[in-house]
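This report walks through one protein chain for a reader who is new to structures. Please keep the sequence and the model in view while reading, and look up each residue as it is named.

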Amino acid sequence: MKDLEYYLQLRYEVRLRPLEDGEGGGWLAEIPLLPGCMADGETPEAAVANLEDAKRAWIETALALRRNIPEPVVDDYSGQLRVRMPKSLHRVLVERAREEHVSLNQLIIYYLAKGADFSYLPGDKPRRMRGL
C-alpha cells in the first residue's frame, strides 16, 4: 500500500494565480488533480509553501478515509525510438521512401500507424495484431 511519504514525493502540477482585492488579495495556489487542495498567501512563494501543508492534510485525510488519491501522469514519451533492423529491410524501406517521395522516418511512421491497433483505450488489453 502506498503511504503518505510516497504521495508527498510525487510532482503534482501547481496552478498559481493572483487574487483580486474582492477575494482578499494575495495569491492562490492549487493542485488541480486533488480537488479542493488549495492555499493562499501574500506572495506567490507563501502561497506555494502553504500549499505544501494543504497537500499533506489532503492526502492524510484521503488515506484515513481510504479514498482514491489521483497520481500525476509521468510523461516518459519522448517520441524517439532507435530500432535496429536487417540491412535488407533497411534497403527496402529506403527504396520505398524514395518511390513515395517521403523521408524514411515518415514512411516508417506511416507503416507503424497503419499496423497499430488504436481501437482500445489506454489501460485496456490490446488485441493481437493480425499475423502475430
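A good place to begin is Val-102, which, apart from its neighbours within four places in sequence, is in contact with Ala-97 and Leu-107. Val-102 itself sits in the loop between helix H3 (87-100) and helix H4 (104-115), and the residue counts as partly exposed because its relative accessible area is 32%, a value between the 20% and 50% cut-offs. The model discussed here is a predicted one, and every value below was computed from it.

**The chain as a whole**

The chain contains 4 helices and 3 strands, and when these elements are read along the sequence they follow the pattern α-β-β-β-α-α-α. The chain has 132 residues, of which 19% count as buried. About 11000 Å² of the chain is exposed, and carbon and sulfur atoms supply 53% of that area. Among the contacts in the chain with a separation of 6 or more, 28% are accounted for by residues 24 or more positions apart.

**The strands**

Strand E1 (residues 15-18) and strand E2 (residues 27-30) run antiparallel and are joined by 4 bridges. Strand E2 is also joined by 4 bridges to strand E3 (residues 38-41), and this pair runs antiparallel as well. Individual partners can be picked out on the model: Arg-15 has Glu-30 in E2 as its bridge partner, while Leu-28 has Asp-40 in E3 as its bridge partner.

**The nonpolar core**

Which residues touch the most other members of the largest nonpolar core? They are Tyr-12, Leu-51 and Ile-69, in a core that holds 16 residues. Helix H1 (4-9) and helix H2 (44-64) each supply at least two residues of this core, and H2 gives the most, with 5 residues.

Tyr-12 deserves a longer look in the model. Leaving aside its neighbours within four places in sequence, Tyr-12 is in contact with Tyr-7, Ile-31, Leu-33, Leu-34, Lys-55, Ile-69, Pro-70, Glu-71 and Pro-72. One residue in that list, Ile-69, is itself named with Tyr-12 among those that touch the most other core members.

**A nonpolar patch on the surface**

Nonpolar residues can also be found at the surface, where Val-14, Leu-16 and Val-48 make a patch of about 200 Å². Val-48 has its place in helix H2, and because its relative accessible area is 32%, Val-48 counts as partly exposed.

**Salt bridges**

The count of salt bridges comes to 6, and the table below sets out some of them, with the distance between nitrogen and oxygen in each case.

| Salt bridge | N to O distance |
|---|---|
| Glu-71 and Lys-2 | 2.7 Å |
| Arg-15 and Glu-13 | 3.3 Å |
| Arg-91 and Glu-95 | 3.8 Å |

The salt bridge between Glu-71 and Lys-2 has 2.7 Å between its closest N and O atoms, and the pair links distant parts of the chain, with Glu-71 in the loop between H2 and H3, Lys-2 in the segment before H1, and their positions 69 residues apart. Glu-71 is partly exposed at a relative accessible area of 29%, and Lys-2 is likewise partly exposed at 40% relative accessibility. Arg-91 and Glu-95, by contrast, both lie in helix H3, 4 residues apart, which is about one turn of the helix. Arg-91 counts as partly exposed at 48% relative accessibility, and Glu-95 counts as partly exposed at 40%. Arg-15, whose side chain meets that of Glu-13 in a salt bridge, is partly exposed with a relative accessible area of 45%.

**Two residues with a positive phi**

Most residues other than glycine have a negative phi. Arg-66, although it is not a glycine, has a positive phi of about 55°, and Arg-66 is found in the loop between H2 and H3. His-101 also has a positive phi, near 60°, and His-101 is found in the loop between H3 and H4. Are these residues buried or exposed? Arg-66 counts as exposed because its relative accessibility is 75%, and His-101 counts as exposed because its relative accessibility is 74%; for both, the value is over the 50% cut-off.

Conventions
Residues are numbered from 1 along each chain as its sequence is written. This is a predicted model: local features need pLDDT of at least 70, side-chain atom pairs count only at pLDDT 80 or more; totals for chains, interfaces and linings use all residues. Side-chain values use heavy atoms; hydrogens and water are left out. A nonpolar core is a set of buried Ala, Val, Leu, Ile, Met, Phe, Trp, Tyr and Cys residues joined through side-chain atoms within 4.5 Å. Buried means under 20% relative accessible area, exposed over 50%, partly exposed in between (1.4 Å probe, protein chains only). Contact means heavy atoms within 4.5 Å. Patches are made of residues with over 30% relative accessible area and no salt bridge: like charges are joined within 9 Å, nonpolar side chains (Val, Leu, Ile, Met, Phe, Trp, Tyr) within 5 Å. Accessible areas come from the Shrake-Rupley method with a 1.4 Å probe; for residues, only the protein chains shown count as cover. A salt bridge is a side-chain nitrogen of Lys or Arg within 4 Å of a carboxyl oxygen of Asp or Glu. Two strands pair if DSSP finds at least two bridges between them.
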